[in-house]
Structure formats: structure tokens, C-alpha cells
Amino acid sequence: MPTFDVVCKPNQVELRNAVEQTNKEIGTRFDFKGSDARVEQSEKELVAYADSEFQLNQVRDVLLNKMAKRNVDVRFLDHGKIEKIGGDKVKQVLTVRNGVPQDAAKKIVALVKNSKLKVQASIQGDTVRVQGAKRDDLQATIAMLRKEVTDLPLGFENFRD
């Protein structure tokens, strides 16, 4: 039976490249000269540091621009609140989405069931597996999900016959 998985995970290599390019540009820009502005990447989050809230917005803009150029969807980032870390310095945690959230997975399953296509959807951990008898039904489901779900950067993988 043909199946595919609906996932929500970024390309980690491109994300790391975008962070490195951001830090490189910040290091060479005149308006950041002498400041402690940078972006650090850990497993599931990015932390942007700057000397002021204005500079933090500039750092975030550079990061989003670099991500867009490297074809990493900016919807993968959940912006946390801006925190003061002593003196005038501020930081912001940007959480990287990895996996389809439970409420969004339920919404996707409901959309598939209401679409009247002959496919079944089931939640399996942080992915949604869709299976059907015909490949054409699965391709129609992918097209429908791309059109309907706009708040998440969905990916489709493990397409099997």
C-alpha cells in the first residue's frame, strides 16, 4: 500500500551554514564593530546576543535573510521573548521546530479525513503517516495539505509504493 510521511524538520546543514554566514557578516559590518553581537546554535535552538534591542533586531533580520537565501523556511523558528543579561546586553532564544506538533497533527488528520479522498492518516510520534490505495490519491493529498496548512513548513518524505 503506498504511503508517505508528513514531517516538519529543517535541513540542519543549511541552518548551520546560515548561522555561520550570519556571524561572519555581523563580524564584518561597521555598525556591529566592538559589539558582542552573535548567534549561537545548539541542538534544538538558536540564541541571538546583542548589545541592545535594536541590534538584536538587526541580528535577527540578518539571520532570517541568510536562512531565506539558503532555502531554510523561516517558519521553523519560534521567537522567544527578549531577555536582559546584565548591563545593556540582551539575548533572545529562537527555538527550532522539529517534528509536527500534536495539535497540528490532529488538524492534518482531520483535513485528510474531511477531504473525501480515499486515504487514511495516522499520527506516529512527531510525524503523520498517510496511506492509500492509489498513488494519485496520495499526490492529491500532498497538494491539498500544501494549500491548506500554511502556518507550518511541512515536508513530505518516505514516499513508497
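**Exercise 1. How many bridges join strand 6 to strand 7, and which way do the two strands run?**

Solution. The model is predicted: local features need pLDDT of at least 70, side-chain atom pairs count only at pLDDT 80 or more, and totals for chains, interfaces and linings use all residues. Residues are numbered from 1 along each chain as its sequence is written, and side-chain values use heavy atoms, leaving out hydrogens and water.

Step 1. Find the strands. Helices (H or I, at least four residues) and strands (E, at least two) are DSSP runs, numbered from the N terminus. Strand 7 covers residues 127-132.

Step 2. Check the pairing. Two strands pair if DSSP finds at least two bridges between them. Strand 6 and strand 7 are joined by 6 bridges and run antiparallel.

Step 3. Pick one facing pair. Gln124 stands opposite Thr127 in strand 7.

**Exercise 2. Work out the strand order of the open sheet, then find its edges.**

Solution. Step 1. Write the order. The sheet is open, has 4 strands and reads 6-7-1-8, with antiparallel pairing.

Step 2. Look at the ends. Strand 6 (119-124) and strand 8 (155-160) each have a single partner strand, so one side of each lacks a neighbour in the sheet.

Step 3. Add the twist. From one strand to the next it averages 20 degrees. Axes are lines fitted to C-alpha atoms, for helices over the stretch in contact, and angles run from 0 to 180 degrees between N-to-C directions.

Step 4. Add a helix. Helix 3 packs on the sheet and touches strand 1 (3-7), strand 6 and strand 7. Contact means heavy atoms within 4.5 Å. The direction of helix 3 makes about 170 degrees with that of strand 6.

Step 5. Add another. Helix 4 (residues 135-148) lies across strand 1, strand 6, strand 7 and strand 8, at about 175 degrees to strand 8.

**Exercise 3. Trace the salt bridge of Asp51 and describe its partner.**

Solution. Step 1. Apply the cut-off. A salt bridge is a side-chain nitrogen of Lys or Arg within 4 Å of a carboxyl oxygen of Asp or Glu. The structure holds 11 of them.

Step 2. Name the partner. Asp51 bridges to Lys89, with the closest N and O atoms 3.0 Å apart.

Step 3. Place both residues. Asp51 sits in the loop between strand 3 (45-50) and helix 2 (53-69), and Lys89 in the loop between strand 4 (77-84) and strand 5 (90-96). The pair links distant parts of the chain, 38 residues apart.

Step 4. Judge exposure. Lys89 is partly exposed at 33% relative accessibility. Buried means under 20% relative accessible area, exposed over 50%, partly exposed in between (1.4 Å probe, protein chains only).
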